Amino acid sequence: ALAFLQSHALAACTVAHTSARIGEASSTLNDGVVSHVNDLAQALGVRVGQRCQHVVEGLLANNRMSVKPVYSRKPHSGQPNSLG
């Protein structure tokens, strides 16, 4: 998944399943520890072993993170939504 996101110019990291409850966003943010990063995330300063909360706070503080929709919302054409 990290390589796929990298190929779409998206910085990404994963959080270790041993550090946070799977499927619970609050646990991921509050308890999660970064286990893997793609090159774009590494270029932004994200490192394996960092707490997810610290990564998010650091990116927001340095204006290196923006929030935007990942999927475009178009009238249903019978095709899945595309990355946008």
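**Exercise 1. Start with one serine, S27. Find out whether S27 is buried or exposed, and which atoms its side chain reaches.**

Step 1. S27 has a relative accessible area of 1%, so this serine counts as buried. Keep in mind as you work that the model is predicted.

Step 2. Now place the residue: S27 belongs to helix α2.

Step 3. Follow the side chain. It reaches the backbone nitrogen of R21 at 2.8 Å.

Step 4. List the partners of S27, leaving aside neighbours within four places in sequence. They are A20, R21 and G32.

**Exercise 2. Step back to the whole chain and work out how many helices and strands there are, and in what order the elements run.**

Step 1. The protein chain has 4 helices and 2 strands.

Step 2. Reading from the N terminus, the order is α-β-α-β-α-α.

Step 3. Look at burial across the chain: 18% of its 84 residues count as buried.

Step 4. Turn to contacts with a separation of 6 or more. Residues 24 or more positions apart account for 29% of these contacts.

**Exercise 3. Compare S27 with another serine, S19. Where is S19, and what does S19 touch?**

Step 1. S19 sits in the loop between β1 and α2.

Step 2. Its relative accessible area is 18%, and the cut-off for buried is under 20%, so S19 is buried.

Step 3. A polar atom of the S19 side chain lies 2.8 Å from the backbone oxygen of A16.

Step 4. Beyond residues up to four places away in sequence, S19 touches D31, G32 and V33. G32 is also among the contacts of S27.

**Exercise 4. Search for salt bridges. How many are there in the whole structure, and which side chains take part?**

Step 1. The search of the whole structure gives 1 salt bridge.

Step 2. The side chains that meet are those of R21 and E24, at 2.8 Å from N to O.

Step 3. Recall the general idea: side chains of opposite charge can pair when their charged atoms come close.

Step 4. Check the surroundings of the pair. R21 is partly exposed, at 48% relative accessible area, and E24 is partly exposed too, at 36%.

**Exercise 5. Look down helix α4. Which of its residues are buried, and what do they pack against?**

Step 1. Helix α4 covers residues 52-61, and its buried residues are C52, V55 and L59.

Step 2. Viewed down the axis of α4, these residues fall within an arc of 60 degrees, so they line one face of the helix.

Step 3. That buried set packs against β1 (13-15), α2 (25-31) and β2 (34-37).

Step 4. Zoom in on V55. Not counting residues up to four places away in sequence, V55 touches V34, V46 and Q50.

Step 5. Find the largest nonpolar core: it has 5 residues, namely V34, A41, V46, V55 and L59. In soluble globular proteins, nonpolar side chains tend to be buried together.

**Exercise 6. Follow strand β1 through T14. Which residues are in contact with T14?**

Step 1. T14 is part of strand β1, and its relative accessible area of 29% makes T14 partly exposed.

Step 2. Leaving aside neighbours within four places in sequence, the contacts of T14 are L2, V33, V34, S35 and H36.

Step 3. Take V34 from that list. T14 and V34 are 20 residues apart in sequence, with their C-alpha atoms 5.7 Å apart in space.

**Exercise 7. Look for disulfides, then examine C13 and C52. How far away is the nearest cysteine sulfur?**

Step 1. The whole structure holds 0 disulfides.

Step 2. For C13, the nearest cysteine sulfur is that of C52, 6.0 Å away. A disulfide needs sulfur atoms within 2.5 Å, and C13 is in no disulfide.

Step 3. Add the accessibility of each: C13 is partly exposed at 32%, while C52 is buried at 13%.

**Exercise 8. Find the backbone angle phi of A9 and of N63. What sign does phi take at each?**

Step 1. Most residues other than glycine have a negative phi.

Step 2. A9 is not a glycine, yet its phi is positive, about 60 degrees. A9 lies in the loop between α1 (2-7) and β1 and is exposed, at 59% relative accessibility.

Step 3. N63, just after α4, has a positive phi of about 50 degrees.

Note on methods:
Residues are numbered from 1 along each chain as its sequence is written. This is a predicted model: local features need pLDDT of at least 70, side-chain atom pairs count only at pLDDT 80 or more; totals for chains, interfaces and linings use all residues. Side-chain values use heavy atoms; hydrogens and water are left out. Buried means under 20% relative accessible area, exposed over 50%, partly exposed in between (1.4 Å probe, protein chains only). The arc is that of the directions from the helix axis to the C-beta atoms. Contact means heavy atoms within 4.5 Å. A salt bridge is a side-chain nitrogen of Lys or Arg within 4 Å of a carboxyl oxygen of Asp or Glu. A polar contact is a pair of N or O atoms within 3.5 Å; within protein, one must be able to donate a hydrogen and the other to accept it, and residues adjacent in sequence count only if both atoms are side-chain atoms. A nonpolar core is a set of buried Ala, Val, Leu, Ile, Met, Phe, Trp, Tyr and Cys residues joined through side-chain atoms within 4.5 Å.
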